[in-house]
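Please look over the sequence and the fold below before reading on. The paragraphs that follow take up the empty spaces, the ligand and a few points of the backbone.

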Amino acid sequence: MDSRRDFLQKLTLSAMGLPLISLSGSPDMAAFYREPYEGPVLRVAIMGLGSYGTRVAEAMQDSQKAKLVGVISGTPSKIKDWQSKYNIPAKNCYNYENFDQIKDNPDIDAVYVITPNGLHHDQVIRVAKAGKHAICEKPMAVNAKEGQEMVDACKKANVKLLVGYRMHFEPKTLEIIRMREAGEFGKIMFFQGLTGFKIGDPNQWRLNKELAGGGAMMDIGIYSVNGARYMVGEEPVWVTAQETKTDPDKFKAGVDETIQFQLGFPSGAVASCLSTYSMGNLDRFFLNGQQGYAELHPATGYGPIKGRTHKGELNQPHQTHQTVQMDEMAGIILESKKPVVPVDGEEGLKDLKIIDAIYLAANTGEKVSLKL
Ligand code: NAD
């Protein structure tokens with residue numbers, strides 16, 4: 001582990017009277033006003049240098065507690081670009097065939113798996129067997145059976161498994177959770193989660209059952225599944241679901257286009273959610289209690305998240321989600337910190353159990369019971 005010097009570099013820039021713009025080009029100004037950090041740093045290798053991997057790498061430049069030190073990719077030209085952009089030594093670069101050798105690399109603490117969903121299971125298990133902590137993008141796997149195997153493998157290898165649930169660290173989301181826990185909404189009665197977008201290119205992996213594990217539900221509906229749980233603050237005990245498909249050529253068998261689903265909670269609260277690849281302008285959460293309400297719109301995008309409660313606008317400042325996530329995850333891995341909402345493998349597994357139940361309910365028309 002080493003310590004970050006970036007803050008000092010930024011401090012020097014500001015002392016020189018240069019404008020306080022982010023070195024990574026991000027508009028996240030909060031990073032500039034932090035105290036110098038000299039504590040332990042999580043040294044991370046990113047596996048999968050695609051669009052989200054790129055976003056995480058950029059954001060990690062402003063992290064104090066996490067540092068990008070390695071890459072795993074099947075594309076040599078990308079490795080070269082990332083090496084020069086992020087100053088990554090050749091000894092920390094791997095491909096999908098040889099990355100098990102990372103076990104002999106003492107300069108990497110964790111691997112962040114940011115590949116298509118259908119690859120997460122095998123890749124995380126290989127990371128665990130190499131003795132490295134695993135951070136895995138959502139959905140953690142394509143079904144609960146795979147998820148359970150990943151949790152077991154990480155436990156057996158004595159490494160941590162975290163899931164890239166960036167909203168669990170988002171300030172407006174956390175304020176709503178604080179208010180709910182303080183009883184400010186009264187008894188929670190209802191949650192609505194609407195998450196979806198219009199998907200483009202029909203040939204992308206997100207529309208390939210093998211690589212995606214499903215369709216919109218795996219990719220974007222999971223935000224409503226997960227959001228229902230952290231907004232209501234309970235685990236669902238039953239699921240009902242209805243699937244509709246307007247374009248069976250684009251959304252082949254096993255690739256869901258649109259699913260509406262309902263979750264029932266032990267208190268009697270219910271959630272009503274929509275997951276789709278066929279509609280825009282859908283990123284809304286609404287929580288209603290007997291004494292108040294909260295709404296977020298957008299609720300899960302990269303931000304700024306906007307929202308209000310019965311008490312007025314939520315004004316918590318925006319920070320780049322992935323920067324905060326990586327700092328918090330470093331704290332969880334290196335210092336056993338406990339987040340307000342868990343981001344561990346068990347948390348990812350609960351969402352997969354619910355998604356399995358949603359697919360079952362949609363396919364059978366039955367109400368499916370759940371015990372999480
Ligand atoms: P992407 O297609 O942009 O990148 C995927 C990367 O995986 C590419 O670099 C690709 O080369 C690599 N790859 C390795 N093996 C592959 C294979 N067999 N087929 C296809 N690609 C392969 O996708 P993305 O948008 O970066 O998504 C990657 C993961 O990140 C997904 O699990 C997705 O759900 C997740 N994600 C999370 C968020 C979030 O906000 N947390 C946002 C976007 C994506």
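Which residues line the second largest cavity? The model is a predicted one, in which local features need pLDDT of at least 70 and side-chain atom pairs count only at pLDDT 80 or more, while totals for chains, interfaces and linings use all residues. Residues are numbered from 1 along each chain as its sequence is written, and side-chain values use heavy atoms, with hydrogens and water left out.

Rolling a probe the size of a water molecule over the atoms shows where empty space is left. On a 1 Å grid over the protein atoms alone, a cavity is a set of points where a 1.4 Å probe fits but cannot get out, whereas a pocket is an open set with protein on both sides within 12 Å along at least five of seven lines, and lining residues have an atom within 4 Å of a point. The structure holds 2 cavities of 30 Å³ or more, and the second largest cavity has about 50 Å³ of space, a volume being the space filled by probe spheres set on grid points that are joined across faces, edges and corners. Its lining consists of Gly 164, Tyr 165, Arg 166, Met 167, His 168, Tyr 223, Asn 226, Gly 227 and Tyr 230. By class, this lining has 4 nonpolar, 4 polar and 1 charged residues, where Ala, Val, Leu, Ile, Met, Phe, Trp, Tyr, Cys and Pro count as nonpolar, Asp, Glu, Lys and Arg as charged, and the others, Gly among them, as polar.

The largest pocket has a volume of about 710 Å³, and of the 32 residues that line this pocket, Lys 138, Arg 206, Asp 219, Tyr 223 and Tyr 302 lie nearest its centre. Two or more residues of the lining come from each of α2, α4, α8 and β11 (282-289), with helices (H or I, at least four residues) and strands (E, at least two) taken as DSSP runs numbered from the N terminus. The lining of the largest pocket divides into 10 nonpolar, 14 polar and 8 charged residues.

What takes up the space of the largest pocket? That space is taken by the ligand, a molecule being placed in a pocket if more than half of its atoms lie within 2 Å of the grid points. The elements that give two or more residues to the shell around the ligand are α2 (51-60), α4 (117-129) and α8 (216-232), and α4 gives the largest share, 3 residues. In total, 22 residues surround the ligand (a heavy atom within 4 Å), the closest being Ser 51, Asn 117, Lys 138, Arg 166 and Trp 205. The shell is made up of 10 nonpolar, 6 polar and 6 charged residues.

Turning to the backbone, most residues other than glycine have a negative phi, and most peptide bonds are trans. A cis peptide bond, with omega about 0°, joins His 297 and Pro 298, and another cis bond, also with omega about 0°, joins Gly 303 and Pro 304. Pro 298 is placed in the loop between β12 (293-296) and β13 (307-309), and Pro 304 is found in the loop between β12 and β13. Asn 87, in the loop between α3 (76-86) and β3 (93-94), has a positive phi near 55° although Asn 87 is a residue other than glycine.
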